[in-house]
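Subject: Structure for you to look at

Dear colleague,

I am passing on the structure we spoke about, and my notes on it come after it. Please open it alongside the text as you read.

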Amino acid sequence: MMGLGSTIGAGLFLGTGVAIAAAGPAVLVAYIIAGTLAILVMQMLGEMGTVIPASGSFSEYAEHGIGRWAGFTQGWIYWLATVAVLGAEITGAAAFIGAWLAVPPWIPAAVCVAIFGVINLLHVRSFGEFEYWFAAIKVVVIVAFLLLGLALIFGLWPGHTFVGTEIFLGDGFMPNGLSGVATGLLAVAFAFGGIEVVAIASAESEDPKRSLVNAVRSTILRISVFYLGSVLVITFLLPYSSLGDSDTAAASPFTRVLEHAGIPFAAGLMEVIIVLALLSAFNAQIYASSRMMHSLATRREAPRIFARTNTHGVPLPAIGLSVALAAVMVVLNYADTGWLLTFMLNSAGASLLIVWTFIAVAQLRLRRQLEARYELPIRMWAYPYLTWLTLIALAGIAVLMLSDASSRIQLASAAAMFAVLAVAGFINSKVRGISPTSTLDLP
């Protein structure tokens with residue numbers, strides 16, 4: 001269920017309109033490109049993760065396949081990016097909750113940080129139960145939306161007639177040409193960020209191999225059904241030119257489809273769904289960030305205190321750090337302190353590009369060793385060609401980002417963070433008396 005729910009965030013409900021407005025119905029091409037990349041990355045991650053389950057996941061695989069500096073760099077980039085968005089997510093959820101309860105938003109923000117901190121401090125099963133139900137609600141909502149959309153399109157909903165392709169192809173499939181598709185691709189390139197958390201969580205499941213195999217194999221289904229299905233419904237029912245940035249739940253294309261069907265309180269319903277999506281992401285990222293910090297500490301790439309666990313194997317100090325920094329990020333969001341928060345959020349935006357690149361390079365270099373040592377339940381298709389194609393596509397997205405002002409800032413921020421952490425990784429290895437380019441032995 002974490003695999004199914006991990007990619008359904010507030011961005012799906014609020015950000016879809018931007019991409020559709022840029023590309024029209026051809027936004028499907030952008031989603032297919034981004035979704036294909038996500039599927040290929042998950043296949044690589046599954047190949048490595050099913051035989052080397054580890055809470056450090058891709059950070060540890062980089063250390064096995066590329067070198068100590070790479071594991072250090074990737075782990076810290078992922079941790080910093082995750083911590084950076086924690087504050088934004090809880091601030092967004094608290095704004096809605098505060099408005100509902102007519103209280104200052106910092107009050108629900110503080111309560112939510114405390115509640116989810118406690119949840120993560122309990123046995124990992126408690127975290128899993130909460131995340132299961134969060135994901136289940138999101139999955140049910142999307143399935144209901146798709147069924148409603150189909151009923152509207154085919155005229156099966158009371159008071160509606162068959163729509164056909166009148167709206168979908170009203171201005172052509174690609175009204176803004178290839179440049180519109182490119183702009184749409186920038187808007188959706190990182191829509192599937194979050195799927196990698198299942199590789200971290202599977203390491204603590206009862207059967208890591210089976211859990212990760214199931215999650216990887218469901219990737220194609222969930223991307224096809226949830227994202228492509230939702231976009232198809234929206235583009236068949238709403239003119240692309242009427243969509244745009246959704247600052248509020250009322251402006252979400254999902255809300256507009258619900259209103260089109262005559263669903264009462266559509267905006268309020270969408271607000272509840274968005275809050276659940278934000279809280280689910282916040283919960284999952286406290287988990288992911290704490291496990292990554294714990295892994296870094298056990299490899300002596302972070303302070304050793306964060307390697308400690310309780311009798312249930314829960315890394316209490318690492319979780320405490322994530323919760324404390326989440327609170328700090330919330331304060332920074334409210335205080336709007338300037339360059340630090342902006343830099344961290346910008347670097348987080350493009351950090352997925354670095355994480356996925358490291359995963360591909362690690363898989364490229366580890367495949368032969370894994371084949372010789374293990375029976376691989378999951379294999380990357382058409383190795384090494386599709387791995388190289390993934391790297392070329394990621395490089396293409398980076399080049400595309402240079403053509404857009406806001407994306408260029410994100411890329412430059414992420415590059416600066418990478419450079420600083422790579423240097424720190426080399427220094428860390430030198431201080432420990434090992435070669436930065438030496439690799440960690442396979443278990």
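What follows is a summary of what was found, covering the cavity, the surface patch, the salt bridges and one further residue.

Please keep in mind throughout that this is a predicted model.

To begin with the interior, the structure holds 1 cavity of 30 Å³ or more, and the space in the largest cavity comes to about 30 Å³. Its lining is formed by A189, F190, L352, L353, W356, L394 and I397, a set that divides into 7 nonpolar residues, with no polar and no charged ones. Helices α15 (339–373) and α16 (385–402) each supply at least two residues of this lining, and the largest share, 3 residues, comes from α15.

On the outside, there is a nonpolar patch made up of W100, L101, V103, W106, I107, V111, I115, V272 and Y334, which together have about 810 Å² of accessible area. At least two of the patch residues come from each of α5 (68–101) and α6 (106–121), with α6 giving the largest share, 4 residues. One of the patch residues, I115, is found in helix α6 and is partly exposed, with a relative accessible area of 43%.

Turning to the charged side chains, the count comes to 9 salt bridges. Several of the residues involved are joined: E47, R367, R368, E371 and R379 are linked in a network of salt bridges. Within this network, E371 pairs with R368, the closest N and O atoms being 3.3 Å apart, and because these two residues are 3 apart in helix α15, they are separated by about one helical turn. E371 also forms a salt bridge with R379, where the closest N and O atoms are 2.8 Å apart. As for accessibility, R368 is exposed, with a relative accessible area of 55%, whereas E371 is partly exposed at 29% and R379 is partly exposed at 38%. Another salt bridge joins R210 and D207, with the closest N and O atoms 3.6 Å apart; here D207 is partly exposed, with a relative accessible area of 32%.

Finally, I195 lies in the loop between α8 (177–188) and α9 (197–202). Is I195 buried or exposed? With a relative accessible area of 1%, I195 counts as buried, because the cut-off for that term is under 20%. The C-alpha atoms of I195 and A350 are separated by 16 Å, the two residues being 155 apart along the chain.

With best regards

How values were computed
Residues numbered from 1 in each chain as written. Predicted model: local features only at pLDDT ≥ 70, side-chain atom pairs only at ≥ 80, totals over all residues. Heavy atoms only, no water. 1 Å grid on protein atoms, 1.4 Å probe; cavity = no way out; pocket = protein on both sides within 12 Å on 5 of 7 lines; lining within 4 Å. Points joined across faces, edges and corners; volume = space filled by probe spheres on them. Nonpolar A, V, L, I, M, F, W, Y, C, P; charged D, E, K, R; others polar. Patch = residues over 30% accessible without salt bridge, like charges linked within 9 Å, V, L, I, M, F, W, Y side chains within 5 Å. Areas by Shrake-Rupley, 256 points an atom, 1.4 Å probe, with all protein chains shown as cover. Salt bridge = Lys/Arg side-chain N within 4 Å of Asp/Glu carboxyl O. Buried < 20%, exposed > 50% of the residue type's maximum accessible area, 1.4 Å probe, protein only.
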